[in-house]
Amino acid sequence: MISPQLSPARAGVSMAVASMLCVQLGLAVSVGLIDDVGAGGAAWLRLFWAGVLLLVLVRPRRSWYDRETVVAATALGVVTAGVTLLFMGAVERLPLGTASALEFLGPLGVAIARSRGAGRGWALVAACGVLLLTQPWTGAADPVGVASALAAACCWAAYIVLTQRVGDSAGGVRGLAISMPVAAVVASVVAGPGVVDQLTPELLLAGVGLAVLLPVVPFTLEMLALRRLSTGAFGTLMALEPAFALGIGFAALHQVPNGLAVLGVAFVVAAGIGTERHGADRVPESGDVTLDVAVAGGLPPR
């Protein structure tokens, strides 16, 4: 619980850090489910229960949405399912830190595309990071895992653009009340048929816990953090996510990276922070809670 004596900025930083920890812990637990239900099944469990929880908690009303918002939120749900399924396919084959750093290229790419001048030079830093992470000269990185992580990055980039559109008209929680159930339906069609026969009461209960850990709690923490931090400060913090993934992968999954992989994550993190700092003048510094993730680097509910 956040101490009432903390300043708003420190409270916001604590909430943002707690959000990233929840995301990475949720992903680490999801990796543990892969042996039981496969990568698609682990993704489906989270998305299914997240969709149910959002419907129950938000109880969306038709009067909240216009046609354009419904279309954008539906597309957001499809992209959310894509980033979740693809990322779980990546962590099945790659260390969590490597997969997260590659996936982070999605929001980083959006930020670089929207930055000006020197800000785009960070693309080269990010590219160096990718080379150090995948180390193609060794042939050690699973190519399917790398492709899945990069495809997830593309979905995350689309998620950013669509979240902005939905947030402008419906607000974060109301938009999620459409997008998450849609993501659950898409995941059910793609992965559900191969999972149903393997489900047990224990796995279903684990799915509920994961849905709370990711995305319900992180999303709430991000919303609260954005009330206390500028989007620039929030985005800089979110750029640290690959480093958190590396640490959780080491502590929880016993994934020990080599020195080049650690350096690669550092390059990607540096590119994220550098792009955010150079692009700070392109977005108003406000505490807007519409999830301005195009610059804040917000975490998708994956």
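**Entry 1: α2 and α3.** I started with who touches whom here: V83, F87, A90 and V91 in α2 meet L96, A99, S100 and E103 in α3. Sorting that contact by class, I get six nonpolar residues, one polar and one charged. A reminder to myself that this is a predicted model.

I then looked up the geometry of the pair. The axes of α2, residues 67–91, and α3 come within 9 Å, and they cross at roughly 140°. I had to check the label for that angle: roughly antiparallel is kept for angles over 145 degrees, so α2 and α3 go down as oblique to each other. For handedness, I noted that α2 passes α3 in a right-handed crossing.

**Entry 2: α3 and α4.** Next I followed α3 on to α4, which covers residues 105–114. Their axes come within 5 Å and cross at roughly 25°. Angles under 35 degrees count as roughly parallel, so that is what I wrote down for α3 and α4. On the α3 side the contact is made by A101, L102 and E103, and on the α4 side by L105, G106 and P107. I split this contact into four nonpolar residues, one polar and one charged. E103 turns up again, since I already had E103 in the contact of α3 with α2.

**Entry 3: α1 and α10.** Then I moved to α1, residues 8–58, and asked how α1 sits against α10. The two axes come within 9 Å and cross at roughly 45°, and α1 and α10 are therefore oblique. I logged the crossing as right-handed. From α1 I listed V17, M20, L21, V23, Q24, L25, A28 and V31; they meet E241, F244, A245, I248, A252 and L253 in α10. I count this contact by class as twelve nonpolar residues, one polar and one charged.

**Entry 4: the largest pocket.** Last, I looked for empty space. The largest pocket comes out at about 320 Å³. Its lining has 23 residues, and P95, T98, L133, N258 and A261 are the ones that lie nearest the centre.

Which helices supply at least two residues of that lining? I found α3 (96–103), α5 (122–134) and α10 (241–253). The largest share is from α10, with four residues. So α10, which I had just logged in contact with α1, is back as a pocket wall.

I finished with the chemistry of the lining: 13 nonpolar residues, eight polar and two charged.

Definitions and conventions
Residues are numbered from 1 along each chain as its sequence is written. This is a predicted model: local features need pLDDT of at least 70, side-chain atom pairs count only at pLDDT 80 or more; totals for chains, interfaces and linings use all residues. Side-chain values use heavy atoms; hydrogens and water are left out. On a 1 Å grid over the protein atoms alone, a cavity is a set of points where a 1.4 Å probe fits but cannot get out, and a pocket is an open set with protein on both sides within 12 Å along at least five of seven lines; lining residues have an atom within 4 Å of a point. Grid points are joined across faces, edges and corners, and a volume is the space filled by probe spheres set on the points. Ala, Val, Leu, Ile, Met, Phe, Trp, Tyr, Cys and Pro count as nonpolar, Asp, Glu, Lys and Arg as charged, and the others, Gly among them, as polar. Axes are lines fitted to C-alpha atoms, for helices over the stretch in contact, and angles run from 0 to 180 degrees between N-to-C directions. Angles under 35 degrees count as roughly parallel, over 145 as roughly antiparallel, 65 to 115 as roughly perpendicular and the rest as oblique. A crossing is left-handed if the near helix is turned anticlockwise from the far one by less than a right angle, and right-handed if clockwise. Contact means heavy atoms within 4.5 Å.
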